[in-house]
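Dear colleague,

Please find below the structure that I am handing over to you. A summary of what was found in it follows directly after.

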Amino acid sequence: MKFQPVVAAVLFFALAAGAQTTAFTYQGKLSDGGGAANGNYDFRFRLYDVNTNLVAGPITNSAVFVTNGQFIATLDFGGAVFDGSNRWLEIAVRSNGVV
């Protein structure tokens with residue numbers, strides 16, 4: 001009877017560890033006018049295969065704060081697009097609020 005709580009705890013932690021998402025963070029450096037960018041920028045991300053066919057996206061991250069040129073954006077294209085094939089990421093950016 002003493003072992004039952006331990007087994008239950010091990011099973012609980014095993015289930016909690018298995019929960020993973022497909023989201024990841026992309027870190028980059030942005031220049032604006034020849035210098036490091038600062039302020040809010042809108043980013044758009046698209047994922048392509050090697051034949052330039054759109055695989056996923058766009059994902060739009062509005063008002064991403066950029067400081068001293070550095071930014072972080074969270075992306076989630078889903079797990080199905082990462083099947084071991086080569087992919088490339090297109091990043092489009094504009095000043096926040098520009099139409």
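The secondary structure consists of one helix and seven strands, and along the sequence these follow the pattern α-β-β-β-β-β-β-β. Please note that this is a predicted model. The protein has 99 residues, of which 21% are buried. Its accessible surface comes to about 7,000 Å², and 56% of that surface belongs to carbon and sulfur atoms. Of the contacts between residues at least 6 apart in sequence, 66% join residues at least 24 apart.

The sheet

Three strands form an open sheet in the order β5-β4-β7, with antiparallel pairing. Strands β5 (54-66) and β7 (87-95) are the edge strands, each pairing on one side only. From one strand to the next, the twist averages 20°. Strand β4, which covers residues 39-49, pairs with β7 in the antiparallel sense over nine bridges. One residue to look at here is D49, whose bridge partner in β7 is R87.

Salt bridges

The structure contains three salt bridges. In one of them, D42 is joined to R94, with the closest N and O atoms 3.3 Å apart. Because D42 belongs to strand β4 and R94 to strand β7, this pair ties together parts that are 52 residues apart in sequence. D42 is buried, with a relative accessible area of 10%, whereas R94 is partly exposed at 43%.

Another salt bridge is formed by the side chains of R46 and E90, at 3.8 Å from N to O. This pair also links distant parts of the chain, with R46 in strand β4 and E90 in strand β7, 44 residues apart. R46 is partly exposed, with a relative accessible area of 23%, and for E90 the value is 23%, again partly exposed.

R87, already mentioned as the bridge partner of D49, meets the side chain of D83 in a salt bridge of 3.4 Å, N to O. R87 counts as partly exposed at 26% relative accessibility, while D83 counts as exposed at 51%.

Aromatic pairs

There are six aromatic pairs in the structure. One of them joins F43 and F45: the ring centres are 6.0 Å apart and the planes meet at 10°, so the pair is stacked. F43 is buried at 2% relative accessibility, and F45 is buried with a relative accessible area of 0%. Y48 and W88 form a stacked aromatic pair as well, with 4.6 Å from centre to centre and 15° between the planes. Since Y48 is in strand β4 and W88 is in strand β7, the pair ties together parts that are 40 residues apart in sequence. Y48 counts as buried at 11% relative accessibility, whereas W88 is partly exposed, with a relative accessible area of 35%. In addition, ring pairs link Y26, F43, F45 and F71 into a cluster.

A pair of glycines

Finally, I would draw your attention to G35, which is found in strand β3 (residues 35-36). At 28% relative accessibility, G35 counts as partly exposed. Its C-alpha atom is 8.0 Å in space from that of G69, and the two residues are 34 residues apart in sequence.

With kind regards

Terms used: Residues numbered from 1 in each chain as written. Predicted model: local features only at pLDDT ≥ 70, side-chain atom pairs only at ≥ 80, totals over all residues. Heavy atoms only, no water. Pairing = 2+ DSSP bridges. Helix = DSSP H or I, 4+ residues; strand = E, 2+ residues; numbered from the N terminus. Axes fitted to C-alpha atoms, helices over the stretch in contact; angles between N-to-C directions. Phe/Tyr/Trp six-rings, centres within 6.5 Å; stacked < 30°, edge-to-face > 60°. Buried < 20%, exposed > 50% of the residue type's maximum accessible area, 1.4 Å probe, protein only. Contact = heavy atoms within 4.5 Å. Areas by Shrake-Rupley, 256 points an atom, 1.4 Å probe, with all protein chains shown as cover. Salt bridge = Lys/Arg side-chain N within 4 Å of Asp/Glu carboxyl O.
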